[in-house]
Amino acid sequence: MPADSILLKFTAGEGTADIAAYLRMGGYEAARHAVATLAPESVIDIVEQSGLRGKGGAGFPTGRKWKFIPKGAPVKYIVVNGDEAEPCTFKDHLLLERAPHLLVEGIILAAYAVGARKAYVYVRREGYRARERLREAVAAAYAHDFLGRGIFGKEMDLEVVVHSGAGAYIAGEESALLESLEGKRAMPRARPPFPAVVGLYGKPTVINNVETLSHLPAVIRLGPEAYRALGPPALFSVSGHVRRPGVYERPLGTPMRELIAAAGGLRQGRRFKAAFPGGSSSAILTAAHLDVPMDYEPLRAAGSMLGSASLIVMDDTACIVRAAARAVGFYKEESCGKCTPCREGTVWLSQIFDRILGGRGRMEDLDLLAHISKGLTNGACFCLLGESVPPSLDASLRHFRHEYEYHIRTGRCDVEDGLAATVAVGA
Amino acid sequence: MPLLRDEARDEIRRLPDRYEQRQSALIPALFVAQREVGWLPPEALREVGDLLNLPTSEVVAVASFYRFFFLEPPGKHLVLLCTNLACLLNGAETLRRHLEERLAVAAGQTTADGQFTFRESECLAACDLAPMMMVDRERYGPLTPAQVDEILERHRAR
């Protein structure tokens, strides 16, 4: 944790789930200050100038998102996306479990900025502890008059409802989340209209990720310039083949190499092979990219994306074909079934992977993989879920084609064979 | 004679208060019914629909979409083994084979004694624990096969 941490200092040690601990660290002062002294428009301007972008994966500028909310609308909603289910992303759960008041204070700031009086927090079903801590935090905030009627003695009312998901990755897609919150199957909606105009129950709705809103107290406390000067700060979920997998707070733009070092480095005697920089929806990068800044534009230029800033590290014991197959299998499992390319394409891809990994692959399967993958691009899919398949699959075929060919030619895994050879030599 | 007790029926009737539209209470209501009965038999789905004034077809559509609604009776405990990337890279495959052998069922099935329903799971947002599993509401990891056995026994005793 860096000395100027704005988020993880609230999760360190005992954490700040207890409101007394949060208040001791200056908690709710940013919300009090904003509600008492700033105009709602000023809050939106500060957030826009801070450069804060959505942390759920899409990276849309938060202030600009808020500006789409029509000013005169009588009813508006804040919806918090706590569905965190992008493979190997675990920062929101950490915040909810150990520092839930950051989110509650962030909700107050967002609601004040756009003029909402009700907020729903959607937490995925498996987040039992996260939901429990958040419910306790919300109850404590009510008891302190930070929520409810006449917040901070001002004419501001705000109600927060914690809602449980029921098990579906697609519910993390913002329009599908609204469907789920309305009690329906979580299938994405056509856009436009965007949720900012026609959202929950047809009303203007701000949908922000847990981490995004948890940044807001620091944005207000520090002001846009000082906040930006910290990077701006970001939470990186680092997992896979590192010695200390975990959530690390570092400036946006920190290279992969430094994040791996922060996470304890690789295991003894192992070499870096590849990584997903932003969850399984992001194109796999190789050792040539270790010094690319982990930021939106540099990663895009490198052919990948920051996504949810979830770095999945693979060393030389990882079979890329198996990893790519597992990523495809995830989207097959989670496809909502609404559009054909995603529903059928992911099944076809998985069948081909089963064939290759089962030693029954054919060389022409590689063209078939690429062809089906292409069929999921260029707007063929209804939402981003289907479109999330091609980047990592295509990158695996581009950078590691020889591994696929070895599987097909020999019916075995070149990585396993290589490791067996190493052991034999070592013995 | 309804399947759901009066208390559960009252709880479900109050759920829509928190939402602008009644149907938002459907998912919470299905969890109440499931807590009461242990799973969601057709009669429970019909009763939830009646209480919220929703057609049974809509209730079934929603209940069958999400993976934490059980349309068949599950085991007493739910074992979710994460096999997504971080866990896969750290040995989830070994744990999967171990669990299948220990429980004598394939992923997706319930043990003969009705104690455990075993599922492979997508990422459970606890990658610092990889390889990990969840039993009921508890997360465990990083796991060895021996620890898996110990955890199963602890839950079996509950």
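Let's start in chain A, at A:A274, which sits in strand β7, residues 272–276 of that chain. Keep in mind as you look around that this is a predicted model.

Is A:A274 buried or exposed? It counts as buried, because 23 other C-beta atoms lie within 10 Å, and the cut-off for that label is 20 or more. Who are the neighbours? Leaving aside residues up to four places away in sequence, A:A274 touches A:I284, A:L285, A:T286, A:M314, A:I320 and A:H399. Take A:H399 from that list: 125 residues separate A:A274 and A:H399 along the chain, yet their C-alpha atoms are 9.4 Å apart in space.

Now hop over to chain B. The domain assignment splits chain B into domain 1, covering 6–65, and domain 2, covering 77–156. Measuring between C-alpha centres, you'd go 30 Å to get from domain 1 of chain B to domain 2 of chain B.

Next, the sheet in chain B. Four strands make up an open sheet, and if you walk across it the order is β2-β1-β3-β4, with mixed pairing. As a reminder, strands in a sheet pair through backbone hydrogen bonds, and they can do so parallel or antiparallel. Which strands stand at the edges? Those are β2 (116–121) and β4 (138–140) of chain B; each has a single partner strand, so one side of each is left without a neighbour in the sheet. From one strand to the next, the twist averages 20°.

Zoom in on the β4 end. Strand β3 of chain B, residues 133–135, runs antiparallel to β4(B), and three bridges join the two. If you want a pair to click on, try B:M133, whose bridge partner in β4(B) is B:Y140. The sheet also has a helix packed on it: α6 of chain B, residues 92–103, which touches β1 (77–82) and β2 of chain B. The direction of α6 makes about 155° with that of β1(B).

Finally, look at where the two chains meet. Chain B puts 30 residues into the contact, and chain A puts in 38. On the chain B side, α2 (26–37), α4 (56–65) and α5 (85–89) each supply at least two residues. Which element gives the largest share of that side? That would be α5(B), with four residues. Sorted by class, the side of chain B that touches chain A has 20 nonpolar residues, four polar ones and six charged ones.

Key
Residues numbered from 1 in each chain as written. Chains lettered and ligands numbered in written order. Predicted model: local features only at pLDDT ≥ 70, side-chain atom pairs only at ≥ 80, totals over all residues. Domains from an automatic or database assignment. Contact = placed C-beta atoms within 7 Å. Nonpolar A, V, L, I, M, F, W, Y, C, P; charged D, E, K, R; others polar. Buried ≥ 20, exposed ≤ 12 C-beta atoms within 10 Å, placed from the backbone. Pairing = 2+ DSSP bridges. Axes fitted to C-alpha atoms, helices over the stretch in contact; angles between N-to-C directions.
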